[in-house]
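The following exercises are to be worked with the sequence and the 3D structure at hand. Each task is followed by a solution in steps.

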Amino acid sequence: MSPLGFGPTVRVLADQCAGSGACRRVAPEVFGADGRGWVVLLDPHPAAERLDQVLDAQDACPLAVIEVVDENGDPLG
Ligand code: SF4
């Protein structure tokens with residue numbers, strides 16, 4: 001469990017997504033896909049318990065278009 005008492009905020013530069021699907025394989029509750037395979041952000045404010053999962057998804061993105069920030073907007077990944 002994350003030591004943070006709040007959940008992260010997730011942002012995706014969807015117009016730069018390559019449709020690899022890596023993010024949704026790692027964190028399917030947070031990332032989905034539209035009919036063409038481009039990322040759709042399902043949950044921009046996941047619970048703190050999902051922080052490690054979304055950071056793993058961020059690491060898995062080949063184009064580094066996923067941002068994970070704290071309540072002050074500072075990067076967590
Ligand atoms: S991992 Fe990155 S490039 Fe791949 S679908 Fe997710 S946002 Fe798009």
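**Exercise 1.** Determine which residues V54 is in contact with, leaving aside its neighbours within four places in sequence.

*Solution.* The model is a predicted one. Begin with the partners that precede the helix in sequence: V54 is in contact with P8, V10, A27, V30 and P46. Then add V68, which completes the set. Next, place V54 in its element: V54 is one of the buried residues of α2. Finally, V54 is among the residues with the most contacts inside the largest nonpolar core.

**Exercise 2.** Identify the buried residues of α2 and explain why they lie on the same side of the helix.

*Solution.* The buried residues of α2 are L51, V54, A57 and Q58. Because they cover an arc of only 125° around the axis, they fall on the same side of α2. As a last step, look at what lies over them: the cover includes β1, α1, β2 (31–33) and β4 (66–69).

**Exercise 3.** Describe the largest nonpolar core and state which element gives the largest share of it.

*Solution.* The core has 14 residues, and C23, A27, V30, F31, V54, A57 and I66 have the most contacts inside it. Two or more residues each are given by β1 (9–12), α1 (22–26) and α2 (51–60). The largest share, three residues, comes from α2. As background, nonpolar side chains in soluble globular proteins tend to be buried together.

**Exercise 4.** Locate C61 and decide whether it is buried or exposed.

*Solution.* C61 lies in the loop between α2 and β4. A residue counts as buried when 20 or more other C-beta atoms lie within 10 Å of its own; C61 has 20 and is therefore buried. Setting aside residues up to four places away in sequence, C61 touches A22, C23 and I66. C61 also belongs to the residues closest to the ligand, together with C17, S20, A22 and C23. In total, 16 residues surround the ligand; by class, 13 of this shell are nonpolar, three are polar and none is charged.

**Exercise 5.** Give the order of helices and strands, and assess how compact the protein is.

*Solution.* There are two helices and four strands, and along the sequence they follow the pattern β-α-β-β-α-β. The radius of gyration is 12 Å, close to the 11 Å that the globule rule gives for 77 residues, so the protein is as compact as a globular protein of that length. Of the 77 residues, 21% count as buried.

How values were computed
Residues numbered from 1 in each chain as written. Predicted model: local features only at pLDDT ≥ 70, side-chain atom pairs only at ≥ 80, totals over all residues. Near = placed C-beta within 6 Å. Nonpolar A, V, L, I, M, F, W, Y, C, P; charged D, E, K, R; others polar. Core = buried A, V, L, I, M, F, W, Y, C linked by C-beta atoms within 7 Å. Buried ≥ 20, exposed ≤ 12 C-beta atoms within 10 Å, placed from the backbone. Contact = placed C-beta atoms within 7 Å. Arc of directions from axis to C-beta. Rg over C-alpha atoms; globule rule 2.2 N^0.38 Å.
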